[in-house]
Amino acid sequence: MTNKLDELRAMTTVVADTGDMDSIRAFKPTDSTTNPSLILKASQMPHYARLVDEAIVWGRKRGASLTEVTDRVAVNFGAELTTIVPGRVSTEVDADLSFDTEGSVAKAKAFIAAYKERGIGHERILIKLASTWEGMKAAHQLQSEGIDCNMTLMFSLAQALAAADAGAFLVSPFVGRILDWHVKAGGGPYDGESDPGVKSVREIYAYYKTYGIKTAVMGASFRNAGQIEALAGCDRLTISPEWLDHLAKDEGPLPRRLDPARPGPAPARLTMDEKKFRWMLNENQMATEKLSDGIRLFAHDLGTLRSMIQQRLKEAA
């Protein structure tokens with residue numbers, strides 16, 4: 001019998017949600033995504049010390065700034081990932097640029113240039129941007145210049161509509177964090193059909209497929225295997241090693257739940273502008289809080305990574 005991971009691969013592009021190279025080699029996903037939290041965690045693993053060490057030596061030789069050295073660590077991990085996965089690698093723009101369109105565009109282009117110096121073309125990289133209005137504007141500019149974007153920290157249809165209007169390559173609705181909010185608010189118990197995170201992804205998927213929107217939907221941030229199974233057939237799913245392992249060991253059947261030919265009922269089509277975006281987001285308490293929380297969390301972990309690198313630079317002086 002085939003396992004559920006193999007069955008999932010037959011209908012969905014499987015993406016590894018980790019900076020751990022060994023896990024990626026073991027499960028052979030098509031793509032890989034990282035974020036500041038994952039890079040921080042991987043940077044503290046002895047096995048990947050060489051990727052941090054190289055950036056420290058590089059920074060010392062060139063008198064590079066702390067930000068430049070931190071960026072090089074991220075690109076070191078990303079470049080390594082491109083040698084393991086056949087598809088795309090996502091690299092995230094700094095969380096503290098989430099409300100800075102010009103800064104986000106400049107950082108994205110710097111990442112693409114750094115990859116190009118290593119012989120890695122822009123077609124292998126996705127730039128991750130926070131799903132703020134400023135992030136959408138940055139995505140629109142970058143996409144117009146051929147740089148594909150992954151809109152992260154997505155918790156609502158309003159964000160998905162704005163991302164589609166921006167022409168984003170893909171969106172990453174955070175299934176697990178949506179569930180977390182509802183459970184904390186006293187909701188549940190939930191199963192795969194009633195899970196609010198699953199329902200959010202299905203709504204976005206139905207909207208995109210119904211109206212012929214090419215932006216891909218990639219469910220992210222899973223809390224249990226049931227959420228993944230309930231989204232089987234989604235364009236892409238980014239899954240942590242824990243749940244990849246679980247699916248690989250489960251030999252039960254995995255029916256398709258999302259189908260572009262039968263996407264299900266979709267909301268009425270809307271054209272998003274800044275006022276409508278901000279109002280719709282404001283009216284969604286969960287999305288407003290989780291977007292803010294997510295930016296703070298990623299900014300905190302990025303700050304921790306910068307502090308670690310700063311200490312290493314001092315020790316190397």
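Trainee: What is the volume of the largest pocket?
Mentor: This is a predicted model, where local features need pLDDT of at least 70, side-chain atom pairs count only at pLDDT 80 or more, and totals for chains, interfaces and linings use all residues. Residues are numbered from 1 along each chain as its sequence is written, and side-chain values use heavy atoms, leaving out hydrogens and water. For the largest pocket (an open set of points on a 1 Å grid over the protein atoms alone, with protein on both sides within 12 Å along at least five of seven lines), the volume, meaning the space filled by probe spheres set on the points, is about 560 Å³.

Trainee: Which element gives the most to the lining of the largest pocket?
Mentor: The lining of this pocket has 31 residues (each with an atom within 4 Å of a point), and Asp-17, Asn-35, Leu-38, Ser-221 and Ser-240 are the closest to its centre. At least two residues each come from α3 (36-43), β5 (149-154), β8, α12 (241-249) and α14; helices here are DSSP runs of H or I with at least four residues, strands runs of E with at least two. The most, 4 residues, come from α3.

Trainee: Which element gives the most to the lining of the largest cavity?
Mentor: There are 2 cavities of 30 Å³ or more, a cavity being a set of points where a 1.4 Å probe fits but cannot get out. The largest holds about 140 Å³, and its 18 lining residues have Pro-36, Ile-39, Ala-74, Glu-92 and Leu-302 closest to the centre. Elements that give two or more are α3, α5 (66-82), β3 (89-92), α6 (101-117) and α14. The most, 4 residues, come from α5.

Trainee: Through which helix does the chain cross from β7 to β8?
Mentor: Strand β8 (residues 236-239) has both faces covered, with Arg-236 and Thr-238 buried (under 20% relative accessible area, 1.4 Å probe, protein chains only) on one side and Leu-237 and Ile-239 buried on the other. It runs parallel to β1 (residues 13-17), joined by 4 bridges, and parallel to β7 (residues 216-219), joined by 2 bridges. In the second pairing Gly-219 is opposite Leu-237. The β-α-β crossover is right-handed (clockwise from first strand over helix to second, with the strands pointing away from the viewer) and passes through α11.

Trainee: How far does helix α14 reach from its first C-alpha to its last?
Mentor: Just at its start, a side-chain oxygen of Asn-284 comes within 3.3 Å of the backbone nitrogen of Met-286. The helix covers residues 285-316, 32 in number. The expected span (1.5 Å times one less than the number of residues) is 46 Å, and close to it is the reach of 47 Å.

Key: A polar contact is a pair of N or O atoms within 3.5 Å; within protein, one must be able to donate a hydrogen and the other to accept it, and residues adjacent in sequence count only if both atoms are side-chain atoms. Buried means under 20% relative accessible area, exposed over 50%, partly exposed in between (1.4 Å probe, protein chains only). Two strands pair if DSSP finds at least two bridges between them.
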